[in-house]
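Work through the exercises below with the sequence and the model at hand. Each task is followed by a solution in steps.

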Amino acid sequence: MLDLNSDKSIYVQISELIENEILSGNLKEEDQAPSTNQFAKVYQINPATARKGLNILVDEEILYKKRGLGMFVAEGARKKILKKRQNTFFQEILPGIIREANRLEIPTEEVLDYILKFKGRE
């Protein structure tokens, strides 16, 4: 789902939506990705905005174009997305969590215990 009221650009949300579909297994290697026109119709957005989101994934070699047929999931796309998102987690998300835990004076052991308990529930 796209959040048209989000601070995040619509085209970025579109690229993340496709990535999420690949990560969840709903889109597999060589599957056809939704077209710009499909995004435009479903979400009532400009096709150029949808195209920009899809082109991000083409530039990252997660999708590739077949002339006259559309865009398809590239071989190794899931691994590329995992690596990209893992890097984001370790470089952007985790440091913020650690800073907040320090600010709240939560001992590292307690954070680790909570992570292990939470992970066990999944």
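The exercises that follow concern a predicted model.

**Exercise 1. A salt-bridge network**

Find the salt bridges that Glu-19 forms with Lys-84 and Arg-85, then follow the network to its remaining member.

Solution.

Step 1. A search of the whole structure gives six salt bridges. In one of them, the side chains of Glu-19 and Lys-84 meet at 2.2 Å, N to O. Glu-19 belongs to helix α1 (residues 10-24) and Lys-84 to helix α4, 65 residues apart, and the pair links distant parts of the chain.

Step 2. Glu-19 also forms a salt bridge with Arg-85, where the closest N and O atoms are 2.9 Å apart. Arg-85 is in helix α4 and Glu-19 in helix α1, so this pair ties together parts 66 residues apart in sequence.

Step 3. Lys-84 has a salt bridge with Glu-60 as well, again with a closest N to O distance of 2.9 Å. Glu-60 sits in the loop between α3 (47-59) and β1, whereas Lys-84 is in helix α4, so parts that are 24 residues apart in sequence are tied together.

Step 4. Through shared partners, the salt bridges join Glu-19, Glu-60, Lys-84 and Arg-85 into one network.

**Exercise 2. Accessibility in the network**

Which members are buried and which are partly exposed?

Solution.

Step 1. The cut-off needed is that buried means under 20% relative accessible area, exposed means over 50%, and partly exposed lies in between.

Step 2. Glu-19 has a relative accessibility of 2%, so Glu-19 is buried.

Step 3. Lys-84 at 30%, Arg-85 at 29% and Glu-60 at 32% are partly exposed.

**Exercise 3. Phe-89 in a patch and a pocket**

Describe the location of Phe-89 and the features that Phe-89 helps to make.

Solution.

Step 1. Phe-89 is in helix α4 (residues 77-103) and is partly exposed, with a relative accessible area of 34%.

Step 2. Together with Phe-90, Ile-93 and Ile-97, Phe-89 makes a nonpolar surface patch of about 380 Å².

Step 3. The largest pocket has a volume of about 320 Å³. Ten residues line this pocket, and those closest to its centre are Phe-89, Val-111, Tyr-114, Ile-115 and Phe-118.

Step 4. α5 gives the most to the lining, with five residues; α4 and α5 (108-121) each supply at least two.

**Exercise 4. The hairpin**

How do strands β1 and β2 pair?

Solution.

Step 1. β1 (residues 63-66) and β2 (residues 70-73) pair in the antiparallel sense over four bridges. Tyr-64 stands opposite Phe-72 in β2.

Step 2. The two strands form a hairpin with three residues between them, and Gly-68 in the turn has a positive phi of about 80 degrees.

Technical notes:
Residues numbered from 1 in each chain as written. Predicted model: local features only at pLDDT ≥ 70, side-chain atom pairs only at ≥ 80, totals over all residues. Heavy atoms only, no water. Pairing = 2+ DSSP bridges. Patch = residues over 30% accessible without salt bridge, like charges linked within 9 Å, V, L, I, M, F, W, Y side chains within 5 Å. Areas by Shrake-Rupley, 256 points an atom, 1.4 Å probe, with all protein chains shown as cover. Salt bridge = Lys/Arg side-chain N within 4 Å of Asp/Glu carboxyl O. Buried < 20%, exposed > 50% of the residue type's maximum accessible area, 1.4 Å probe, protein only. 1 Å grid on protein atoms, 1.4 Å probe; cavity = no way out; pocket = protein on both sides within 12 Å on 5 of 7 lines; lining within 4 Å. Points joined across faces, edges and corners; volume = space filled by probe spheres on them.
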